Amino acid sequence: MAARSGSSKHPRLAATPASAQPGGGVVDDQGYLHAPLDVMRCVAISREEQRDWAQLMSDAVRTVADVLLGVDVAEYIRFRASCKPWRRATADPSLLQPRFFPRNWLVLDHEVQERDGEEMVRRNRCVNVLTGAAIKVRLPAATTAEQYGVIVTPAAEGLLLFHCRRTDTVRLFNPLTRATPAVLPGFAQQAPIRERDLHFMAAGVVVDAEAPDRPTVVVVVVAGSGARRRSVILCAKHGDDHWGTVDAGVVEVQEWDSLPPFQGGLSLMGRFYVPTNYGDVLTVELWPQPRLVYVARRDAPRCLDAWACYLMPSLDAGDDNDGMLMVRVYDIGVFHVFGVHLGQGRFTMLPDIGNRTIFLPALTLHSDKFPSLTEGPGWVHNNDNVEEYIV
């Protein structure tokens with residue numbers, strides 16, 4: 001909330017204070033509070049020695065920018081917007097690099113029409129799940145939206161996927177920079193899968209250490225319907241003319257299962273992880289060929305009565321859960337939450353989830369940053385629309 005000034009007049013400096021204040025200031029006989037004399041001297045010096053911050057050394061600009069990027073990519077973008085010299089000294093955040101992904105930002109479906117000069121534009125509310133901050137972002141214009149449709153929710157570390165029906169291409173979209181750093185093939189020619197039978201479950205980005213500026217986009221889809229449903233993981237890079245398939249032959253499947261063995265995934269820090277319905281975790285490896293590899297298995301006997309398993313970010317950098325949690329759904333309203341320890345390949349059941357609210361299949365919020373979550377922290381929502389809880 002902006003503070004309101006009590007007077008428009010500039011108070012004069014009192015020669016003799018009527019009373020000293022705890023912070024070192026003084027109050028004159030008219031009740032005006034003044035800064036200490038040493039502060040006033042600094043203000044006078046700064047007025048005499050005005051600095052041209054646009055001419056700050058490039059190394060210093062990059063240092064400040066890196067610190068802000070460590071806080072959030074939105075702060076980095078605001079910093080670069082200050083002046084042209086600072087933009088020239090720092091890397092363009094529209095590049096397809098993981099450090100510029102808006103991974104803590106969630107674009108909500110609700111949109112408003114606003115006037116931007118002579119043009120009416122649509123803007124969507126975008127919230128930070130870690131801090132509760134909110135901004136408005138401009139998605140592609142309405143005329144473009146007739147050709148582009150969001151096919152995957154922002155599980156790809158805050159990025160969106162749009163499908164252009166006219167050109168049958170998929171575009172990766174950064175809602176904070178409005179850049180489309182990658183153009184991918186469409187699905188019309190994805191034999192033997194028919195486009196109309198695809199149900200998009202999750203998306204992610206896998207970064208190759210040898211080529212960090214050209215990561216691979218991964219999409220988890222469920223193809224078919226009824227008893228013929230099957231899970232498929234597709235992968236492609238910018239400029240590819242078709243989608244490849246990630247080999248999932250290692251995934252164990254029970255003969256009596258009516259559900260595909262996995263139905264989602266989590267993109268996290270340049271890796272993509274897939275949970276199985278039995279409570280295991282696999283990751284996508286690209287070399288020598290795209291395939292799934294187990295990284296964590298449950299020690300306890302598998303509970304075959306579980307409905308599904310989901311992975312979501314833990315949001316706490318200081319925990320030992322390697323940045324992710326697993327939620328196993330056993331029955332209506334019955335959930336078990338586990339911390340995932342990839343380095344040890346194991347899980348730890350959590351007695352409570354702390355200052356978190358979880359919305360399945362892949363969203364975690366810091367509860368205390370959203371006062372509208374009136375039920376408080378520690379809740380897991382299944383099949384609930386998060387926009388009904390965030391105001």
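This report walks through a predicted model, from its confidence to its strands, cores and a few unusual residues.

**Ground rules and confidence**

Residues are numbered from 1 along each chain as its sequence is written, and side-chain values use heavy atoms, with hydrogens and water left out. Since the model is predicted, local features need pLDDT of at least 70 and side-chain atom pairs count only at pLDDT 80 or more, while totals for chains, interfaces and linings use all residues.

The score pLDDT is the predictor's confidence in each residue, from 0 to 100. Its mean for this protein is 79, and 75% of the residues reach 70 or more. Residues 1–28 have a pLDDT below 50, and beyond near neighbours in sequence this stretch has 33 contacts in the model; contact means heavy atoms within 4.5 Å. Residues 30–35 also stay under 50, and for them the model has 18 contacts beyond four places in sequence.

**Strand 13 and its partners**

A good place to begin is strand 13, residues 230–237. Strands here are DSSP runs (E, at least two residues), while helices are H or I runs of at least four, and both are numbered from the N terminus. In strand 13, 7 of the 8 residues are buried, so the strand is largely enclosed by the rest of the structure. Buried means under 20% relative accessible area, exposed means over 50%, and partly exposed lies in between (1.4 Å probe, protein chains only).

Which strands pair with strand 13? Strand 12 (residues 211–223) runs antiparallel to strand 13 and is joined to it by 8 bridges. Strand 14 (residues 244–245) pairs with strand 13 in the antiparallel sense too, over 2 bridges. Two strands count as paired if DSSP finds at least two bridges between them.

Leu234 shows both pairings: Val219 is its bridge partner from strand 12, and Thr245 in strand 14 stands opposite Leu234. Strands 13 and 14 form a hairpin with 6 residues between them, and Gly239 in the turn has a positive phi of about 95°.

**Two nonpolar cores**

A nonpolar core is a set of buried Ala, Val, Leu, Ile, Met, Phe, Trp, Tyr and Cys residues joined through side-chain atoms within 4.5 Å. The largest one has 21 residues, of which Leu161, Leu172, Val217 and Trp243 touch the most other members. The elements that give two or more residues to this core are strands 8 (159–164), 9 (169–174), 10 (179–185), 11, 12 and 13. Strand 12 gives the largest share, 4 residues.

Val217 is a helpful residue to click on. Not counting residues up to four places away in sequence, Val217 touches Leu161, Leu172, Leu184, Gly204, Leu234, Cys235, Ala236 and Trp243. Apart from this core lies another, of 20 residues, including Ala74, Phe79, Phe162 and Phe173.

**Buried polar residues and cysteines**

Asp208 is found in strand 11 (residues 198–208), and His341 in strand 21 (residues 334–341). What do their side chains reach? Asp208 makes a polar contact of 3.2 Å with the side chain of Trp287, and His341 makes one of 2.8 Å with the side chain of Thr348. A polar contact is a pair of N or O atoms within 3.5 Å; within protein, one must be able to donate a hydrogen and the other to accept it, and residues adjacent in sequence count only if both atoms are side-chain atoms.

Leaving aside neighbours within four places in sequence, His341 is in contact with Asp320, Asn321, Asp322, Arg346, Phe347 and Thr348. Asp208 and Gly270 are 62 residues apart in sequence, yet 8.2 Å apart in space, C-alpha to C-alpha.

A search of the whole structure finds 0 disulfides (a disulfide is a pair of cysteine sulfur atoms within 2.5 Å). The table gathers relative accessibility for several residues, two cysteines included.

| Residue | Relative accessible area | Class |
|---|---|---|
| Cys126 | 0% | buried |
| His341 | 5% | buried |
| Cys235 | 8% | buried |
| Asp208 | 12% | buried |
| Met269 | 58% | exposed |
| Asn383 | 71% | exposed |

**Unusual backbone spots**

Met269 has a positive phi of about 50° although it is not a glycine; Met269 is in the loop between strand 15 (266–268) and strand 16 (271–275). Asn383, in the segment after strand 25 (379–381), also has a positive phi, near 65°.

Where do cis peptide bonds occur? One joins Trp287 and Pro288, with omega about 0°, and Pro288 sits in the loop between strand 17 (281–285) and strand 18 (291–296). Another joins Leu360 and Pro361, with omega about 20°; Pro361 lies in the loop between strand 23 (356–359) and strand 24 (363–366).
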